[in-house]
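Reader: Could you walk me through reading empty space and cysteines in a protein model? I'd like the general idea, then the case at hand.

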Amino acid sequence: MTASKFMAIQQVLQPDWFQCLSDGEATCDEATSIKRARKSVDRSLLFLDNCLKLQEESEVLQKSMIIGVIEGGDVMEERLRSARETAKRPVGGFLLDGFQGTPTTLETRLHLLSSVTAELPEHKPRLICGVSQPDEVLECIERGVDLFESFFPYLATERGCALTFSFDYQPIPEETLLQQNGTQEEVKYVDQTKKSKTTSCNQEMTSFEINLKEKKYQEDFDPLLRGCPCYCCKNHTRAYIHHLLVTNELLAGVLLMMHNFEHYFGFFQAIREALKSDRLAQLKELIHRQAS
């Protein structure tokens, strides 16, 4: 793919904004040589300059915004060079690429992230790829990231899991009233901060979800999550979703996706409210108590 071919595609699509072409092979997932990281940054900056020039020459892309891509793998010097040089260009925002990796590299990635965002102007949005788990999202927000991908609900759905983590950082009473079958019944509050243990057969499962393929849900007639306003929770039970999963019905994925995205977007709504009220630390504490 060349810059000219890439921009020709953008002229057909005419997007409001688009990520610039870049060399994203150098990531934090494994050790990156200084030579490879430098090449990644050099090529990405060259792509950016060429794309910006072609945008100036295009009438249909004058209102489109180019997002500059920050590369450099796990090499601090190259990450900072990429951030500083990209910030000099007339881009509309920044994509922090290559930060996806294994949990063992989380501390390194967060250190790199803090250093990189410090070099970027605050008035332009910062996006990040490969980070969507709730606890990591909050860590990134504290380090200046604004936008995230939403693939976490999809991954949970593919595992046959439902997101059940709590993001209600407000004081919670010991008992709450839930409306069931048109009547008010007093029920004991279910502590949603209790961790869901990962089964040995599914190491990818996180503590933010429950595996509805497990036999214990065969006769569980509760909704996926009490109080959830999604269509699935209002109309179906854990037992029904379990049945759909074990019989390989396509409807299982549809209903799980409805719930998981509703819950995940609710989490981001809680983040926005926490930022407005200066209570992000409380939300972070709640989420980290549930993290494995």
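Author: Happy to; we will take cavities, then cysteines, in what is a predicted model.

Reader: How does one look for empty space, and how many cavities of 30 Å³ or more does a search of the whole structure find here?

Author: Rolling a probe the size of a water molecule over the atoms shows where empty space is left. In this model, the search turns up one cavity of 30 Å³ or more. The largest cavity holds about 50 Å³ of space.

Reader: Which residues line the largest cavity?

Author: Its lining is made of Phe99, Leu106, Arg109, Leu110, Leu113, Ile128, Val131, Glu136 and Cys140. Two elements, helix 4 (106-117) and helix 5 (134-142), each give two or more residues to that lining. Helix 4 supplies the largest share, with four residues.

Reader: And how does the lining of the largest cavity divide by class?

Author: Seven of the lining residues are nonpolar and two are charged, while none are polar.

Reader: Now the cysteines, please. What is a disulfide, and how many does a search of the whole structure find?

Author: A disulfide is a covalent bond between the sulfur atoms of two cysteines. Here the search finds zero disulfides. Take cysteine 20: its nearest cysteine sulfur belongs to cysteine 51 and is 3.7 Å away. The cut-off for a disulfide is within 2.5 Å, so cysteine 20 is in no disulfide.

Reader: Is cysteine 20 buried or exposed?

Author: Cysteine 20 counts as buried because its relative accessible area is 2%, and buried means under 20%. Cysteine 161 is buried as well, at 0% relative accessibility.

Conventions: Residues numbered from 1 in each chain as written. Predicted model: local features only at pLDDT ≥ 70, side-chain atom pairs only at ≥ 80, totals over all residues. Heavy atoms only, no water. 1 Å grid on protein atoms, 1.4 Å probe; cavity = no way out; pocket = protein on both sides within 12 Å on 5 of 7 lines; lining within 4 Å. Points joined across faces, edges and corners; volume = space filled by probe spheres on them. Nonpolar A, V, L, I, M, F, W, Y, C, P; charged D, E, K, R; others polar. Buried < 20%, exposed > 50% of the residue type's maximum accessible area, 1.4 Å probe, protein only.
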